[in-house]
Amino acid sequence: MKHLNIDIPVDFKQEDELDEQERKLLTEAKEATHRSYSPYSHFSVGAALLLDNGTIVCGSNQENSAFPSGLCAERTALFYANSRYPDHAVKALCIAARDTSGQFTERPVAPCGSCRQVMVETEYRYQQNIRILLYGQEGIYILNSARDMLPVHFDGSFL
């Protein structure tokens, strides 16, 4: 038997260490949390993504009383961007969330498995990594690719 270790590079920055474009993306993600429809979980998530043409697209989580019918902020933004701007790759994606008390989460919030898979597919679609920024009040995790969050993933190369 062979044992494998998978190391994932993650940068950890404070908000004031972000460049201007990253700060703008973070501001948009935080603002998007206020457009969340989350009457059941009271957990408001916002996502902002930067396209290669400079456009910023935002999304927020949208819940439904039939729970499987809701959609996460990340997929809301990605699906809109992919349908509205199909010829433009996603360069970066920032995620922020407010907890049930309405405060931004202390620790950086991570996307669910379904969102990670969609991010990996988006990278596969455009043959370009997506820089991921995960915001928390204590700091921001920065990853160079969605595949870093889903190192053992399925993509079109298996088909």
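## Exercises on a predicted model

Ile6, Ile8, Val10, Phe12, Tyr141 and Val152 make up a nonpolar surface patch that together offers about 550 Å² of accessible area. This is a predicted model in which local features need pLDDT of at least 70 and side-chain atom pairs count only at pLDDT 80 or more, while totals for chains, interfaces and linings use all residues. Residues are numbered from 1 along each chain as its sequence is written, and side-chain values use heavy atoms, with hydrogens and water left out.

**Exercise 1. Work out where Val10 sits and whether it is buried or exposed.**

Start with the patch rule: members have over 30% relative accessible area and no salt bridge, and nonpolar side chains (Val, Leu, Ile, Met, Phe, Trp, Tyr) are joined within 5 Å. A salt bridge here is a Lys or Arg side-chain nitrogen within 4 Å of an Asp or Glu carboxyl oxygen. The areas are Shrake-Rupley values with a 1.4 Å probe.

Next, place the residue: Val10 is in the segment before E1. (Strands are DSSP E runs of at least two residues, helices H or I runs of at least four, numbered from the N terminus.)

Finally, check the cover: Val10 has a relative accessible area of 40%, so it's partly exposed (buried is under 20%, exposed over 50%, partly exposed in between).

**Exercise 2. Describe helix H1, then zoom in on Glu28.**

Length comes first. H1 runs over residues 20–32; its 13 residues reach 18 Å from first C-alpha to last, close to the 18 Å expected at 1.5 Å a residue (the expected span is 1.5 Å times one less than the number of residues).

Now the N-terminal end: Asp19 caps it, with a side-chain oxygen 3.1 Å from the backbone nitrogen of Gln21.

Then look inward. The buried residues of H1 include Leu25, Leu26, Glu28 and Ala29, and the buried residues pack against strands, among them E1 (11–13), E2 (44–51) and E3 (56–60).

Last, Glu28 itself: at 16% relative accessible area, it counts as buried. Leaving out residues up to four places away in sequence, Glu28 touches Ala48, Ile56 and Cys58 (contact means heavy atoms within 4.5 Å).

**Exercise 3. Find what is unusual about phi in His42 and Gln127, and say where each one lies.**

Take His42: phi is near 55°, positive in a residue other than glycine. His42 belongs to the loop between H1 and E2, and is partly exposed at 42%.

Now Gln127: this non-glycine has a positive phi of about 55°. Gln127 is in the loop between helix H3 (113–126) and E5, and is exposed at 65%.

Notes: Buried < 20%, exposed > 50% of the residue type's maximum accessible area, 1.4 Å probe, protein only. Polar contact = N/O pair within 3.5 Å; in protein donor to acceptor, adjacent residues only side chain to side chain. Patch = residues over 30% accessible without salt bridge, like charges linked within 9 Å, V, L, I, M, F, W, Y side chains within 5 Å.
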